[in-house]
Amino acid sequence: MAKFRYRMQSILNIKYQLETQAKMEVGRAQMRLNEEQEKQQALIARKEAYIEEGRRIRGRALHANELRDNRNAVLIMDEMIAAQALMVRKAEEALEWARAKLTEIMQERKMHEKLKEKALAQFMEEEKAAEFKVVDELTSYTYGQRGKENGNGSGSDEYEYGYGTSH
């Protein structure tokens with residue numbers, strides 16, 4: 001039996017490599033998103049600390065400089081949180097892009113796997129037909145040889161067993 005060789009195996013191998021790379025890219029994008037979200041949470045916690053400090057300052061004797069510094073720190077934190085929110089959105093978009101790319105690559109790989117399965121099925125059918133042909137030829141040859149041995153040349157065994165003879 002001949003060995004099956006998929007003629008586009010190299011393309012399928014490349015699809016497997018691309019899928020692996022895309023999975024790694026999704027993982028990196030997810031890690032980046034997690035890092036950006038952690039930074040955002042840290043900034044929010046820092047802002048909350050400044051707000052709490054402002055409450056403590058207002059609870060005791062008023063110091064205008066401390067209040068102004070605290071208010072400025074809270075405003076700066078608002079700006080930093082807004083900037084970080086933008087970074088989080090960018091990281092989310094990068095993650096979605098990486099996921100979409102992975103999905104596309106997986107679909108292409110699955111398509112090539114289906115083509116390979118169809119090619120294998122066709123190969124198996126061809127091999128089966130070829131095997132059947134060989135068996136058929138062998139049977140015909142054997143039948144013909146038996147007839148020659150019996151001397152009638154027709155390959156028929158009817159005379160050997162007494163059929164069709166008038167003794």
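Residues are classed by relative accessible area: buried means under 20%, exposed over 50%, and partly exposed in between, with a 1.4 Å probe and protein chains only. By this scale phenylalanine 4 is partly exposed, at 23% relative accessibility. The model is predicted, so local features need pLDDT of at least 70 and side-chain atom pairs count only at pLDDT 80 or more, while totals for chains, interfaces and linings use all residues. Residues are numbered from 1 along each chain as its sequence is written, and side-chain values use heavy atoms, with hydrogens and water left out.

The protein contains 2 helices and 0 strands. Both element types are DSSP runs, numbered from the N terminus: helices are H or I with at least four residues, and strands are E with at least two. Helix α1 covers residues 9–59. Helix α2 covers residues 64–150. Of the 167 residues in the protein, 20% are buried. The exposed surface is about 12700 Å², and carbon and sulfur atoms supply 55% of it. These areas come from the Shrake-Rupley method with a 1.4 Å probe; for residues, only the protein chains shown count as cover.

Contacts are defined by heavy atoms within 4.5 Å. Among contacts between residues at least 6 apart in sequence, 76% join residues at least 24 apart.

The largest nonpolar core has 10 residues in all. A nonpolar core is a set of buried Ala, Val, Leu, Ile, Met, Phe, Trp, Tyr and Cys residues joined through side-chain atoms within 4.5 Å. The members are Ala22, Val26, Ala29, Leu33, Val88, Ala91, Leu95, Ala98, Leu102 and Ile105. Helices α1 and α2 each supply at least two residues of this core. Helix α2 gives the most, with 6 residues. Valine 88, one of the core residues, touches Leu33, Glu36, Gln37 and Gln40, not counting residues up to four places away in sequence. Leu33 is also a member of the core.

Salt bridges number 10 in the structure. Each places a side-chain nitrogen of Lys or Arg within 4 Å of a carboxyl oxygen of Asp or Glu. In helix α1, arginine 32 and glutamate 36 lie 4 residues apart, about one turn of the helix. Their side chains meet in a salt bridge at 3.1 Å, N to O. Arginine 32 is partly exposed, at 41% relative accessibility. Glutamate 36 is buried, with a relative accessible area of 2%. Glutamate 36 is among the residues that valine 88 touches.

A second bridge in helix α1 joins the side chains of arginine 55 and glutamate 52, at 3.2 Å, N to O. Arginine 55 and glutamate 52 are 3 residues apart in α1, which means a separation of about one helical turn. Glutamate 52 is partly exposed, at 37% relative accessibility.

In helix α2, glutamate 96 forms a salt bridge with arginine 99, the closest N and O atoms being 3.3 Å apart. Glutamate 96 and arginine 99 are 3 residues apart in this helix, so about one helical turn separates them. Glutamate 96 is partly exposed, with a relative accessible area of 47%. Arginine 99 is partly exposed as well, with a relative accessible area of 36%. Elsewhere, salt bridges that share partners join Glu19, Lys23, Arg109 and Glu113 into one network.

Glutamate 19, a member of that network, sits in helix α1. Glutamate 19 counts as buried because its relative accessibility is 5%. Leaving aside neighbours within four places in sequence, glutamate 19 is in contact with Leu102, Ile105, Met106 and Arg109. Of these residues, Leu102 and Ile105 belong to the largest nonpolar core.

The whole structure holds 1 aromatic pair. The rings of phenylalanine 4 and phenylalanine 123 have centres 5.4 Å apart and planes at 50 degrees, so the pair is tilted. Rings of Phe, Tyr and Trp (its six-membered ring) pair if their centres lie within 6.5 Å; planes under 30 degrees apart count as stacked, over 60 as edge-to-face and the rest as tilted. Phenylalanine 4 lies in the segment before α1 and phenylalanine 123 in helix α2, so the pair ties together parts that are 119 residues apart in sequence. Phenylalanine 123 is buried, with a relative accessible area of 14%.

Leucine 120 is also found in helix α2. Leucine 120 is partly exposed, with a relative accessible area of 36%. Leucine 120 and arginine 5 are 115 residues apart in sequence and 8.4 Å apart in space, C-alpha to C-alpha.
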